[in-house]
Structures are given as C-alpha cells and as structure tokens.
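This report considers the empty space inside one protein model and the way some of its helices pack against each other.

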Amino acid sequence: MNAIDKGLTLWFTGLSGSGKSTLATYLAPKLKELGKRVEILDGDEVRENLSKGLGFSKEDRDTNIRRIGFVANMLARNGVVAITAAISPYKDVRNEARSKAQAAFVEVYVECPIDVLEDRDTKGLYKKAKAGIIKNFTGISDPYEAPENPEVTVDTSKETIEQSADKILAYLRKRGLVPDAAPARR
C-alpha cells in the first residue's frame with residue numbers, strides 16, 4: 001500500500017485554546033492536496049453529536065475520548081486521515097486509543113503555557129475557571145497529563161501555525177504516511 005492509500009489517526013492533544021482545532025483546520029486542506037481523504041473529529045463537535053449528555057467527570061471525559069478513538073480508528077483503517085482535536089487530558093485513555101488503532105497513530109502534543117492561554121482566552125473560560133465558576137476545567141481545577149513521548153510536539157506560543165503544520169507534515173513524510181508531493185492529475 002502506498003502513502004496515498006494509507007489512513008492514519010493524527011491525535012492532537014493539548015489544553016483548551018492551545019490551537020488543536022485551528023491546526024487541524026489548517027492541516028486538512030494541505031493533506032487533501034497530497035491526495036488524502038481527511039476528516040476532523042473536533043472535541044466540541046463530537047461532544048455535541050456523539051457524547052451529548054456527558055459531563056466533565058473523569059469517567060465522562062474518558063467515555064468521550066473512547067468514542068473519538070473508536071470513530072478515528074474506523075476512519076483510519078479505511079484509508080482516511082482522522083484528525084482528532086480534543087483536549088484528551090488523561091494519558092491512559094490516549095494510550096488505550098493508540099493500542100486499539102488498526103492504522104498508524106501519531107500523537108501530536110499541542111503545547112502552550114497557561115499564561116499564554118489565559119492571554120488568548122477569548123471566551124473567558126480560564127478566568128471563569130480560576131474564579132470557580134467553571135468546575136473541572138482542565139489545566140486549572142482538573143489535571144492535564146501531557147504526553148511523555150508524542151511523535152510530534154508543537155509549541156504554539158513560539159511557532160506560527162505554518163511552522164507547526166510543517167513540522168507535522170515533515171514527520172508524516174518521514175514515516176511514509178503521506179507522499180512528498182501532490183499526486184499527478186489524470
């Protein structure tokens with residue numbers, strides 16, 4: 001199977017506001033230009049459509065991430081690049097998703113310091129969490145377990161979106177998961 005036919009899960013993890021969805025949205029057309037079929041599984045959209053009714057307890061968060069992992073795996077094993085953009089705060093559930101993957105699984109840690117996230121916080125979520133208005137907020141009143149050995153780490157406080165995307169694409173090319181150039185048109 002050549003690089004164009006291979007599916008994979010591109011698993012973005014990081015705190016709220018770190019740039020997971022922005023990076024996923026930026027990368028999707030780049031991957032499509034390389035001949036890949038791409039689906040983005042955004043944490044907020046999945047929660048709305050597949051996980052409605054779940055709260056933010058550890059058990060509910062784990063259930064949500066397991067559902068994202070299940071759908072990502074189904075897509076990836078069928079030749080799609082499944083990009084997940086969800087906080088996925090707990091290491092054990094991310095590792096569970098990885099262990100069940102039937103296609104390549106690439107974990108991307110979208111790193112960004114809390115102080116930068118607070119400055120970027122257009123919705124005021126960090127402020128509300130620090131004030132105790134929002135309970136179980138990852139990184140403030142609920143833990144975030146950063147990946148220990150992600151395949152790729154991007155730091156959105158120091159890199160532009162283009163630099164972060166280029167770093168991810170370079171890794172995918174090196175692994176033979178995407179072609180070096182767009183396929184020739186027929």
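By class, the residues that line the largest cavity comprise 5 nonpolar and 3 polar ones, with no charged residues among them. The model is predicted, and a search of the whole structure finds 1 cavity of 30 Å³ or more. The space in the largest cavity amounts to about 30 Å³, and its lining consists of T9, W11, G69, A72, N73, A97, A101 and F105. Both β1 (8-13) and α3 supply at least two residues of this lining, and the largest share, 3 residues, belongs to α3.

The largest pocket has a volume of about 820 Å³. Of the 32 residues that line this pocket, S16, G17, D44, I87 and L125 are the closest to its centre. Several helices contribute to the pocket wall, since at least two lining residues are supplied by each of α1 (20-33), α2 (43-49), α3 (58-77), α5 (114-120) and α6 (125-130). By class, the pocket lining has 11 nonpolar, 12 polar and 9 charged residues.

Two packed helices are described by the angle between their axes and the distance between the axes. The table sets out the residue classes at two helix contacts.

| Contact | Nonpolar residues | Polar residues | Charged residues |
|---|---|---|---|
| α3 with α4 | 3 residues | 2 residues | 6 residues |
| α1 with α7 | 9 residues | 2 residues | 2 residues |

The axes of α3 and helix α4 (residues 91-100) come within 10 Å and cross at roughly 20°. Because angles under 35 degrees count as roughly parallel, α3 is roughly parallel to α4. The crossing in which α3 passes α4 is right-handed. On the α3 side the contact is made by K58, D62, I65, R66, G69 and N73, which meet D92, V93, E96, A97 and K100 in α4. The residues of this contact include 6 charged ones, alongside 3 nonpolar and 2 polar. G69, N73 and A97, which take part in this contact, are also among the residues that line the largest cavity.

For the other pair, α1 and helix α7 (residues 161-174) pack at an angle of about 55°, and their axes are 10 Å apart. That angle makes α1 oblique to α7, and the crossing of these two helices is right-handed. From α1, the residues T22, L23, Y26, L27, K30 and L31 meet I161, E162, S164, A165, I168, L169 and L172 in α7. Here the contact residues divide into 9 nonpolar, 2 polar and 2 charged.

Which helix appears in the linings of both the largest pocket and the largest cavity? That helix is α3, which supplies at least two residues to the pocket lining and at least two to the cavity lining.

Terms used. Residues are numbered from 1 along each chain as its sequence is written. This is a predicted model: local features need pLDDT of at least 70, side-chain atom pairs count only at pLDDT 80 or more; totals for chains, interfaces and linings use all residues. Side-chain values use heavy atoms; hydrogens and water are left out. On a 1 Å grid over the protein atoms alone, a cavity is a set of points where a 1.4 Å probe fits but cannot get out, and a pocket is an open set with protein on both sides within 12 Å along at least five of seven lines; lining residues have an atom within 4 Å of a point. Grid points are joined across faces, edges and corners, and a volume is the space filled by probe spheres set on the points. Helices (H or I, at least four residues) and strands (E, at least two) are DSSP runs, numbered from the N terminus. Ala, Val, Leu, Ile, Met, Phe, Trp, Tyr, Cys and Pro count as nonpolar, Asp, Glu, Lys and Arg as charged, and the others, Gly among them, as polar. Axes are lines fitted to C-alpha atoms, for helices over the stretch in contact, and angles run from 0 to 180 degrees between N-to-C directions. Angles under 35 degrees count as roughly parallel, over 145 as roughly antiparallel, 65 to 115 as roughly perpendicular and the rest as oblique. A crossing is left-handed if the near helix is turned anticlockwise from the far one by less than a right angle, and right-handed if clockwise. Contact means heavy atoms within 4.5 Å.
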